[in-house]
Amino acid sequence: MQGIEKILLEIADNAQREADKIVGDAQRQASEIVADATASAKAEYDRVVGDAQTQSERIITSANDFSQRDISRKVLEHKSRIINDCFDLALQKLLSLQRDDYFDFVRKSIVKYAEKGTGEVYFNSSDLKRMSPGFELTVNAALPNEKSIKIADTADNSIIGGCKISYGNIDVNLDYSALIADIKPEITGEITELLF
């Protein structure tokens with residue numbers, strides 16, 4: 001029986017060695033599969049992270065560009081509002097001048113813009129009431145001989161401040177808001193340089 005036991009032991013040893021070899025081979029294959037899968041997963045992870053980073057950089061750049069455009073637009077709107085406020089303030093200053101200063105400015109405007117012939121000068125009802133009686137004479141004395149004015153008896157309440165001179169079919173609009181609107185394009189650049 002010793003021969004059988006010896007054979008059985010040999011078979012068991014061979015089987016154990018074969019099993020150890022199979023397990024070793026399986027472990028090596030499993031390690032290789034795990035290493036390949038890890039390498040593939042790492043490569044996929046790197047690709048996904050790289051794509052996400054590229055996309056996030058594009059999004060950030062786009063957001064920054066949009067923000068800069070939005071900021072520039074808002075700054076421009078504020079500058080425009082400030083400039084318009086300057087013109088509104090100038091109009092309010094003209095309208096709030098003391099009577100003598102107010103009508104002195106109107107007189108100078110009429111003298112500067114009067115045309116040949118006799119023009120009929122219209123004021124709003126408020127200015128007609130506060131005008132000094134000698135205003136027409138004062139203006140006519142300052143005008144050259146070929147030019148003269150006559151103050152209209154009726155008011156034109158479309159005039160905010162200042163006046164309008166009518167020469168039949170032709171009107172010379174010296175309403176303060178019209179005068180300011182006329183000079184606005186010319187001096188907006190100067191105001192912009194002063195303020196900003």
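# A walk through an elongated protein chain

Buried residues account for 21% of the 196 residues in the protein chain, a figure that belongs, like everything that follows, to a predicted model.

The overall dimensions can be read beside that figure. A compact globule of 196 residues would be expected to have a radius of gyration near 16 Å, whereas the protein chain has 47 Å. The C-alpha trace, taken along its principal axes, spans about 155 × 30 × 25 Å. As for the surface, the protein chain exposes about 14000 Å², and 56% of this area is supplied by carbon and sulfur atoms.

The secondary structure comes next. The protein chain contains 5 helices and 4 strands, and a reader who follows the sequence meets them in the pattern α-α-β-α-α-β-β-β-α. Helix α1 covers residues 2–95, and helix α2 covers residues 99–113. When contacts between residues at least 6 apart in sequence are considered, 77% of them join residues that are at least 24 apart.

The charged groups offer another way into the model. The protein chain carries 24 positive and 33 negative charges, and the mean positions of these two sets lie 6 Å apart. Across the whole structure, a search finds 10 salt bridges, and some of them can be followed residue by residue.

In helix α2, Arg-107 forms a salt bridge with Asp-104, with 2.6 Å between the closest N and O atoms. These partners, Arg-107 and Asp-104, are 3 residues apart in the helix, so about one helical turn separates them. Asp-104 has a relative accessible area of 28% and is therefore partly exposed.

A similar question can be put to helix α1: how far apart are Asp-70 and Arg-73 along the helix? They are 3 residues apart, which means that about one helical turn lies between them. Their side chains meet in a salt bridge with an N to O distance of 2.5 Å, and Arg-73, at 40% relative accessibility, counts as partly exposed.

Further along the sequence, the side chains of Asp-156 and Lys-164 meet in a salt bridge of 2.8 Å, N to O. Is Asp-156 buried or exposed? Because its relative accessibility is 15%, and buried means under 20%, Asp-156 counts as buried. Returning to Asp-70 and Arg-73, one finds that these residues also belong to a network, in which salt bridges with shared partners join Asp-70, Arg-73, Lys-74 and Glu-77.

Conventions. Residues are numbered from 1 along each chain as its sequence is written. This is a predicted model: local features need pLDDT of at least 70, side-chain atom pairs count only at pLDDT 80 or more; totals for chains, interfaces and linings use all residues. Side-chain values use heavy atoms; hydrogens and water are left out. Helices (H or I, at least four residues) and strands (E, at least two) are DSSP runs, numbered from the N terminus. The radius of gyration is taken over C-alpha atoms; the globule rule is 2.2 Å times the number of residues to the power 0.38. Buried means under 20% relative accessible area, exposed over 50%, partly exposed in between (1.4 Å probe, protein chains only). Contact means heavy atoms within 4.5 Å. Accessible areas come from the Shrake-Rupley method with a 1.4 Å probe; for residues, only the protein chains shown count as cover. Lys and Arg count as positive and Asp and Glu as negative; His and the chain ends are not counted. The place of a charge is taken as NZ of Lys, CZ of Arg, CG of Asp or CD of Glu. A salt bridge is a side-chain nitrogen of Lys or Arg within 4 Å of a carboxyl oxygen of Asp or Glu.
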